[in-house]
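Here are some notes to help you find your way around. Have a look at the structure first, then read the points in order.

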Amino acid sequence: MSTLRLAWLRAGMPVRTLLAALPTSFWLLPLVLIALGGLPVLLLLPSPGGDAAPASVIAALQVSHAVSEAATPPPGRDGWARVDLPHYRLLERGATGAASWYRVEFDASVSDAEPWAAYLPFLYNGGSLWLNGTPIGSVLSSRPELHVRWERPFLVALPAGLLRPTGNELLLRLPPAAAASILRMPRLEVAPLRLLMPVYDRRLFWVRTMPQITVAVGILVPCFVLFIWWRRRSEVLYGLFGVAALLWAVRTLTFVLEVIPQQEWQWWRISYHAATGGFVVVMALFALRFAGLNRQWLDRALVAYALLGPLWLLVRGPGADVAVGYFWGGGLIAVGLGAVAATAWAAVVRREKTAALLLIALALAACAGVHDYMMSYGALPLSRWLPEWTQQRFFLLHHAANLLLVVMGGLLTQRFIDALTAIQILNHTLEDRVAAREAELADSYGQMAVMQQERAAAQERRRIMRDLHDGLGSKLFILLSRVERGAVQTRELSQSLRACIADMRLSLDASAAQDAGLESALADFLYRWRPLLCEAGVQPSWQVDVAEPTAWISAHATLQLLRLLQEALTNVVKHAGANAVSVEVRATAELLTLAVIDNGKGFGGDAPAGRGIANMQARAAALHARLTLASDASGTGLRLELPRIPPGAS
């Protein structure tokens, strides 16, 4: 016995056709949806000159039917009755064992270069074939341990050695399924293989390959969508779409899983009904929420109805499968029509383009559901209206639901893009507002800094003026009193006036340092002292390094430093007996160092009498600076260290 010859799917052209039919404009999408919804119908309907084999080369078939429990062709002609294909045999409840036999008689133009084949659009429970008394193939049928339902088409090659020019006899044995109520024999076509191959390829793509694609996509896409919903629980529509796609992938497995162990059959049918009812109810929940008509009691009622069918089948067993599909499945049609009505209300009242697109897709899915319901439970009456279409046994809900999911996914994708666009616009707005606010703050801080600098400068000037008033003013007042009393000599008066002028210049230098800096004040000070030292026979040398910013040294501190330096140089001139003195000033961002070294006679271990050293120590203490003195026979050295942050301060 030879095996069936099944042609591989040649899906390149259908896929390219679908891609070429994608819309180029948003406004053409409704027309494209209608066209895609009817595409399987247009491709499967036989048309003259189309993919169906030409009538002139299809063998004229004479078909007879008989019922027999025999496993081999029954002999003779008794019990055979002439029938037309497709043929339906009603099975009595509980009847098993009796198979349907079909005798197909035809003539064929035999050619070695032209193989012939027999095409069956479906063979739900399998069967066996004989050509001119010789078995040529079989398709697995249901057994006590297996449940079989073949949705795919079959193309059986007819061996050229068995074909005769006339009087060929093709026998088919179709065993009944255990839970079936109708045994169906599809319309059989016998023709050259090249003419039947396109018909076979096309149907195989739509009923076998497309479901496989649906299952794969229906598992992968929900993972992404449900992750979005898990991260954003407020986006309920994403969660409903993910659940709907996952349920539809499970339901579509009925076209993929064609052989199931008998002990698993009931659980599979429960899962199938649960996925079907769950998908329809989730679509209704999506439509209600999309239209803003969702109510908690209605949501609970729909979920309860979705669970009713699977529970019914679980309690009553496999025998209730047909009743569950007929009664409970009919109620699902009402649920689907309710979803269409809710979406229509949203499209009319809210006038949303997205609602109109969803309405078209839902309406197509609802019509496809009614069609499939009639195809499953009312095929005999439907065959009177659409005989050519009914014999194809092609179910449309699978493709209409795919289209509905694509539309839903597109709407949610557009919603996601709109949300990202709104966030981007909001971010740009916030960035502009933040930038403007930062500019305002920077301007305010700049104004505050200028005000603080001006206030600090004013405070320093007031302090210097107070020092002038308390120091220089007091000296001048005392000197004036002595002059008026005639108690001062001309030499003493001259010295006192020079001291007052020097003190006044120090105050002016310190005040100018607030703007010009410490280096400028030192330059002015040393410029005035150079001729004084040279006149006293002391050769001065200066080394000033204040390259680092010294804004942290206030005008008051500058005044105290200049007075301390003036006191040190005065001591060199009056008491040291030196002929050379060096002054070194170094300033960094954290420390200022002042050193005065002469080559005089020194003062040994005891400090000289007078108030000069005490004054310098007092000034250093007021500045939180460290003052050190060292003296020996080679001269005297003074060193002052003024840190930016006083010791012990934070």
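1. Is alanine 301 buried, partly exposed or exposed? Keep in mind that this is a predicted model. Alanine 301 has a relative accessible area of 41%, and since partly exposed covers the range between 20% and 50%, alanine 301 counts as partly exposed. You'll find alanine 301 in helix H6, which covers residues 296-316. Its C-alpha atom lies 9.8 Å from that of valine 281, a residue 20 places away along the chain.

2. Staying with H6, look at how it packs with helix H7 (residues 321-349): the axes are 9 Å apart and the angle is about 170°. Angles over 145 degrees count as roughly antiparallel, so that is what H6 is to H7. On the H6 side the contact includes Leu302, Tyr305 and Trp312, and on the H7 side Phe327, Trp328 and Val335 are among the residues they meet. Sorted by type, the residues of the contact of H6 with H7 come to 13 nonpolar, two polar and one charged.

3. Now for the largest nonpolar core, which has 62 residues. Those that touch the most other members are Phe279, Phe286, Leu358, Leu404, Leu405 and Met408. Several helices supply at least two residues each, among them H6, H7 and helix H11 (397-485), but the top contributor is H5, with 13 residues. Take leucine 404 as an example: beyond its neighbours within four places in sequence, its contacts are Phe279, Met283, Leu358, Ala361, Leu362 and Ala365. There is also a second, separate core of 35 residues, including Val546 and Ala625.

4. If you're hunting for disulfides, the structure has zero. Two cysteines to look at are cysteine 223, exposed at 53% relative accessibility, and cysteine 367, exposed at 55%.

5. Last, some backbone oddities. Most residues other than glycine have a negative phi, and most peptide bonds are trans. The bond from leucine 85 to proline 86 is cis, with omega near 0°, and proline 86 sits in the loop between strands E2 (81-83) and E3 (87-90).

6. Two residues that are not glycine have a positive phi: asparagine 132, at about 50°, and histidine 624, at about 60°. Asparagine 132 is in the loop between strands E6 and E7, and histidine 624 is in the loop between helix H15 and strand E17. Which of them is buried and which exposed? Asparagine 132 is buried, at 18% relative accessibility, whereas histidine 624 is exposed, at 51%.

Definitions and conventions
Residues numbered from 1 in each chain as written. Predicted model: local features only at pLDDT ≥ 70, side-chain atom pairs only at ≥ 80, totals over all residues. Heavy atoms only, no water. Helix = DSSP H or I, 4+ residues; strand = E, 2+ residues; numbered from the N terminus. Buried < 20%, exposed > 50% of the residue type's maximum accessible area, 1.4 Å probe, protein only. Axes fitted to C-alpha atoms, helices over the stretch in contact; angles between N-to-C directions. Parallel < 35°, antiparallel > 145°, perpendicular 65-115°, else oblique. Contact = heavy atoms within 4.5 Å. Nonpolar A, V, L, I, M, F, W, Y, C, P; charged D, E, K, R; others polar. Core = buried A, V, L, I, M, F, W, Y, C linked by side-chain atoms within 4.5 Å. Disulfide = S-S within 2.5 Å.
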